[in-house]
Structures are given as structure tokens and as C-alpha cells.
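User: Please take a close look at one strand of this model and its partners. Then set that part beside the other features worth inspecting.

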Amino acid sequence: MSSSEYQLFCLGNPLLDIQATCDQSVLEKYGLKENDAILAEEKHLTIYDELTTKYTAKFLAGGAAQNAARGAQYVLAPRSTVYVGCVGKDASADQLVEACSTREGVRTEYRVDEDHPTGRCGVVITGHHRSMVTDLAAANHYKLEHLKSPKIWELVKNAKVFYVGGFHLTIFSMNLSAPFLVQSFKGQLDSCAPYWDYLIGNEAEAVAYAESHDLKTTDITKIAKAIAVLPKKNTARPRVVVITQGTLPTIVVTSDVGADLKVQTFPIREVKSEDIVDTNGAGDAFAGGFLGSLVQGKPVETCVDMGQWLASLSIQELGPAYPPEKKAYSGNN
């Protein structure tokens, strides 16, 4: 392995996404909300079989960090991205390897847990909206020993950029991942905050952060500023907080020692309504494009634009997916 390979190291919860287009009755049956993400409770566990047997389901590699890794690899040269997480010893894990590694070129280094099945995420699609119910299963049994093993640690030492989803708060975080994580795992989130160089989230996650930290505001720019000025271990690098807002401009706040806060807004790349297939995974696609550009050493303006470009491609596909025929980024930044 050369030093130029696998410069992006991603850690997260690998899931098999089970996606199906449904009607409102499925949301009502399981007490789900549009455009929401929750962890499965006992009452939700039958939804996975229901999506598979009663609807035309599509199976995709999922999990926020894995989706972002797939997106980053889409825009980077071969052998650029490695993804680590925990799966079961089952056919679902084989499907993840086929989808993420064989087809999309991400190097997957899964820890295999023989006592738990591979995690799954039921994705209920209603129109342009989606609701996600996640059963972490094996994904929730990743062991630090795997990360420290000689083979994996060599990849860690070689990497230039590290990306971890909020579901892995026991180790580190660069993505807020879901509003309930911000609220339910406040202590874990705060413990890793000093190590954030880049934090990516959406407006719902930002508002949830503000509520859990008693910021007394729903203004996204003010929330991003509050996060940007949190104490930071490595003061040699600025902290960059990136908050997407769906169809509204992306907000970026940069905090650097001895400098005023820098606030930037970036209008999205618009996609015609009739061309939108599925918004599921748009945020992960944005993160993937952003990370890919970051690995290439591009300025934050280009990182945001590449993220928005990849997100605009993703929402024209079903699920957190990218065009089968690879497209080249041609931004102006």
C-alpha cells in the first residue's frame, strides 16, 4: 500500500438498507414520521419483513458513514477510501461487500460478529419523503480491538482524513447523523467535540443540538457559530461547521484562533421536481462529495460545491445511490 492510497478512513455502522415505496398507512402503523430517522424498538421489528414481502423492496449498502464513503470513492481515484464497521456472518454481509466494495470500489474491512445479524435499516418512501427505522444489531458490537489490530491500524496511520458517523459516538464524530442522537447521546457527543476539525449536519440536527444544549435559538447560523467556537484540542487547524438545509443554502462557519468567525452561505444546485426520485441519502452524498474534495486538498468552497453536486446526482437515483455511469465533477470553484 502506497502512501497515496486509502487517504480517507471512514468508521461507522454498516447497514443493509431495505427500501420500499409505500403509502401513508405504513407510517401510521409503525408511528413513523416523514423525513425522520429513529432506532427500532420492539414494535418496529416486523417492518423489515413487511417491506420485503408486501412491497417491491430494493436492497442497498447503507449507514451514513458507509454511504459517505461510497460517495467519496465515486469522486476519487481508485483505492482512495476504506470503510470499517461490524457486520454479522450472514448473506446480508455478503450483499454489503458486493455492493460497497466489489461494485463501488470502497475497501471494506468489516469486523464479523458471529453472535448478531448484520444491521438493517427500513426505508419507507412516500413521495419525495422517507422515514428510516434502524436495527443496529451487529453494527452496535464493533470492538476497539479490531481498530487497533495491525492490519487496520496500518490503514489508520496511512490515512489523511478520518470520517465517523454520529452513531459511533463511543469513538469520535464528524457528522451529527440524526436529531435523536444529538439529544440522547449528549454526553458522548460533547466528549468528542474538542476533536472536531469539520462537523457536518443538517438543520434538524442543528436545532436538536441547540435544544439539548439550551442555546435558546433556532437560528441555524447562530447554532453553527456556537458549535464553531467550542474548545478545540488541535488549534493548529480551524474548525469548520457545515449545516445543510435541504433546498435552502448551506451554511458554513469557520473558527480560527486569532481570527473573527467566517460565515459563508452557498445556494444549492437546483434539481427540477420531476427529476427527483428519492431524497434518501442526499445528506450522505453531500458528505461524500465534501470529503472527496477535502482529501484532494481543495478549499472549503469547492468541498461544499462538490458535495452539493454529488447530492444533486444522488436524489435523481433510488436510495443513497450514484449514477451507474460515472460522471465527472466540473465545478467552477
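Analyst: What follows starts with strand 11 and moves outward to other parts of the fold.

The model is predicted, and every value below is computed from it. Strand 11 covers residues 239-245. How many of its residues are buried? Seven of seven, so the strand counts as mostly covered, buried being under 20% relative accessible area. Both faces are covered. On one side sit Arg 239, Val 241, Ile 243 and Gln 245. On the other sit Val 240, Val 242 and Thr 244. Arg 239 and Gln 245 are thus listed on one face with Val 241 and Ile 243, and all are buried.

Now the partners. Strand 10, residues 198-202, pairs with strand 11 in the parallel sense. Five bridges join strand 10 and strand 11. Within this pairing, Ile 200 stands opposite Val 242 of strand 11. Val 242 is itself one of the buried residues.

Strand 12, residues 248-255, runs antiparallel to strand 11. Six bridges link strand 11 and strand 12. Gln 245 of strand 11 has Leu 248 of strand 12 as its bridge partner. The two strands form a hairpin with two residues between them. There, Gly 246 takes a positive phi near 65°.

Positive phi also turns up elsewhere. Most residues other than glycine have a negative phi. Asn 35 has a phi near 55°, a positive value in a residue that is not glycine. Asn 35 lies in the loop between helix 1 (24-30) and strand 3 (36-39). Its relative accessible area is 41%, so Asn 35 is partly exposed. Lys 216 also has a positive phi, near 55°, and is not glycine either. Lys 216 sits in the loop between helix 9 (203-212) and helix 10 (220-228). Is Lys 216 buried or exposed? Lys 216 is exposed, because its relative accessible area of 70% is over the 50% cut-off.

A second sheet topic is the open sheet of four strands, with order 6-5-1-9 and parallel pairing. Strand 6 (107-113) and strand 9 stand at its edges. Each has a single partner strand, so one side of each is left without a neighbour in the sheet. The twist averages 20° from one strand to the next. Strand 5, residues 81-88, pairs with strand 6 in the parallel sense over seven bridges. In that pairing, Val 87 has Val 112 of strand 6 as its bridge partner.

Next, the pockets. The largest pocket has a volume of about 1300 Å³. Its lining holds 50 residues, and those nearest the centre are Arg 130, Asn 202, Thr 279, Ala 282 and Gly 283. By class, the lining has 20 nonpolar, 22 polar and eight charged residues. The second largest pocket holds about 550 Å³. Of its 22 lining residues, Lys 160, Tyr 195, Asp 197, Tyr 198 and Arg 237 are closest to the centre. Strand 9 (161-164) and strand 13 (262-266) each supply at least two residues of this lining. The lining divides into twelve nonpolar, three polar and seven charged residues.

Last, helix 3, residues 64-75. All twelve of its twelve residues are buried. Among them are Gln 66, Asn 67, Arg 70 and Tyr 74. At 1.5 Å a residue, helix 3 should span 16 Å, and its end C-alpha atoms are 17 Å apart, which agrees.

Methods
Residues numbered from 1 in each chain as written. Predicted model: local features only at pLDDT ≥ 70, side-chain atom pairs only at ≥ 80, totals over all residues. Heavy atoms only, no water. Expected span 1.5 Å × (residues − 1). Buried < 20%, exposed > 50% of the residue type's maximum accessible area, 1.4 Å probe, protein only. 1 Å grid on protein atoms, 1.4 Å probe; cavity = no way out; pocket = protein on both sides within 12 Å on 5 of 7 lines; lining within 4 Å. Points joined across faces, edges and corners; volume = space filled by probe spheres on them. Nonpolar A, V, L, I, M, F, W, Y, C, P; charged D, E, K, R; others polar. Pairing = 2+ DSSP bridges. Axes fitted to C-alpha atoms, helices over the stretch in contact; angles between N-to-C directions.
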